[in-house]
Amino acid sequence: MDIETLQSLNKIFQAVEIQPDWKLALDSLLATLRHQFVYDNVAAYVLDRQTGGQDVVYARAVGRGKSAEADAAWGDSIAGQVLLQKSPLLKEPGDILPGTDRLLQAHVLGVPLYMGARLEGALVFVRFGGPTFAEEHITLAQLIASWTSSLLERKSLQEARAELESVQRQMRLQDDFVSTISHELRTPLGFIKGYSTSLLRQDANWDAATQSEFLTIIDEEADRLTGLIENMLESARLQSKTLQFKFQPLRLDALIRDVSVRVATHHPQLEVRIDAGTTPTIHGDSVRLSQVFENLFSNAIKYAPGSQLDITLKTHGRKLRVAFRDYGPGIPEDFIPFIFERFYRVPGERSVTGTGLGLYICKQIILAHHGKIWAESVMDEGTTFIIELPADPLTQDTFIQEQSNVQTNSDRGR
Ligand code: ADP
């Protein structure tokens, strides 16, 4: 091998090496070799060990018959044959009559893809209208195949690493959860035990007002404990997808007002403004959706104490969008992507009680309604939770009609 060939090989190696995305690396490799190795389409097939079939993991069309990129079925059978015979396979178009469409004169070359010692797939090239693939092209195709195999291995390593990182994060969250939950369970239990023991003391003579105060605390703490256990069970059921939903047409503005009234009985000082306008009905489970808004209220009370809450309902195309805004300290940008994860709590929130389950439950309930929930937050300005739910398809058209009537009437009034 002369020095120039070695230098070009080294250049190709480096270009492939520094490209983190395996498909782009393969694109660049094929593009660099384009002068030495002419083809119209290429596709990589990898064995699916579960189904016994083969999946197209890469396809590229550079020349004639570009549509072949979309479905790489053209190379399917030759890939199967390469996998059977475990060696390169060249298929020529046979006798060609003058004037035959070039697309019907396919020279197909398939080479095996080995990962380690295991045959895992095939790389197939097609060239329409010749010339045929010569011996050196077959060698080059095998070289490209071995590069492709390393890139595919890199891809599975990257996927495995990402999965491992996610499992590790989940395990860390579960560890934190165990300590959080034991603290969360112990606190109300401590109150219940302490106040009931005091009430039962033979030597103490509590007056009626004190007795009532102690019993109220016991009652509230028992409710807190029940809520906590329900949240844990709920999140387990949501995770295993065994929670039942009862869907029916409902008005979200009415549901939010109900929740708001319930919250106000415990937090009379809380200022809530609801701007609902005319909104369509949705198809939803009222108990579960109430739970979502109870959680958002409870979070706002915990994390944005003293803030006013603005709740706005608006139609957004065929969706109903609810914005739930507080004017609290906000959530740092870096943590926002994680707050809907199970057990996740923003670091530094340890003084406020919580388990990291609330927003996870909200998200799962909204997903079960084919909706979306996300948060937007600006530090020192506040946080807005946005929920988007599909309008009830049965009433939606009537709603759209009603809205256009409203529009026309108001236009007339102008
Ligand atoms: P928990 O409240 O039990 O910690 P959640 O899942 O309800 O769990 O919330 C996750 C995290 O999101 C909370 O720990 C808190 O840091 C943050 N958070 C939720 N709502 C707000 C809000 N309105 N303002 C600021 N931070 C919030």
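## Salt bridges within helix α5

In this predicted model, Glu 234 and Arg 237 are joined by a salt bridge whose closest N and O atoms lie 3.4 Å apart. Both residues belong to helix α5, where three positions, about one turn of the helix, separate them. The two partners fall into separate accessibility classes: Glu 234 is buried at 8% relative accessibility, whereas Arg 237, at 34%, counts as partly exposed.

A second pair in α5, which spans residues 208-239, is arranged with the spacing of three residues, about one turn of the helix: Arg 224 and Glu 221. Their salt bridge has its closest N and O atoms 3.3 Å apart. Here the acidic residue, Glu 221, is buried at 11% relative accessibility, while Arg 224 is partly exposed at 31%.

## A salt-bridge network

The protein holds 13 salt bridges in the count for this model. Among the residues involved, Arg 49, Arg 118 and Glu 120 are linked in a network. Within this network, the closest N and O atoms of Arg 118 and Glu 120 are 2.9 Å apart. Glu 120 has a relative accessible area of 10% and is therefore buried, the limit being under 20%. Arg 118, with 48% relative accessibility, counts as partly exposed because exposed residues are those over 50%.

## Buried arginines without a salt bridge

Arg 342 is placed in the loop that runs between β10 (319-326) and α8 (358-368). Arg 342 is buried and yet has no salt bridge. Its nearest side chain of opposite charge is that of Glu 341, 11 Å away; a salt bridge is therefore ruled out for this pair, since the cut-off is 4 Å. The side chain of Arg 342 does make a polar contact with the side chain of Ser 235, at 3.2 Å. Beyond its neighbours within four places in sequence, Arg 342 is in contact with Gln 170, Leu 173, Ser 235, Ala 236, Gln 239, Gly 356, Leu 357 and Tyr 360.

Arg 345 is also located in the loop between β10 and α8. Arg 345 is likewise buried and without a salt bridge, and the nearest side chain of opposite charge, Glu 184, is 5.7 Å away. The side chain of Arg 345 has a polar contact of 2.9 Å with the side chain of Tyr 303.

## The largest pocket

The largest pocket encloses about 1,800 Å³ of space. It is lined by 48 residues, of which Glu 294, Asn 295, Ser 298, Asn 299 and Lys 302 are the closest to its centre.

Several elements of secondary structure share in the lining: α5, α6 (252-266), α7 (286-303), α8 and β12 (382-390) each supply at least two residues. The largest share, eleven residues, comes from α5.

## Backbone conformation in two loops

Two residues that are not glycine are considered here for their backbone angles. Lys 86 has a positive phi of about 55 degrees and is placed in the loop between α3 (76-85) and β3 (89-91).

For His 370, phi is positive at about 60 degrees. His 370 belongs to the loop between α8 and β11 (372-378), and its relative accessible area of 67% makes it exposed.

## Overall architecture

The protein comprises nine helices and twelve strands. Of its 414 residues, 39% count as buried. Among contacts with a separation of 6 or more, 66% are between residues 24 or more positions apart.

A single pair of residues may be added on sequence separation. Ala 31 lies in helix α2 (residues 22-32) and is partly exposed, with a relative accessibility of 41%. Ala 31 and Val 62 are 31 residues apart along the chain, and their C-alpha atoms are separated by 9.5 Å.

Key. Residues numbered from 1 in each chain as written. Predicted model: local features only at pLDDT ≥ 70, side-chain atom pairs only at ≥ 80, totals over all residues. Heavy atoms only, no water. Helix = DSSP H or I, 4+ residues; strand = E, 2+ residues; numbered from the N terminus. Buried < 20%, exposed > 50% of the residue type's maximum accessible area, 1.4 Å probe, protein only. Lys, Arg positive; Asp, Glu negative; His and termini not counted. Polar contact = N/O pair within 3.5 Å; in protein donor to acceptor, adjacent residues only side chain to side chain. Contact = heavy atoms within 4.5 Å. 1 Å grid on protein atoms, 1.4 Å probe; cavity = no way out; pocket = protein on both sides within 12 Å on 5 of 7 lines; lining within 4 Å. Points joined across faces, edges and corners; volume = space filled by probe spheres on them.
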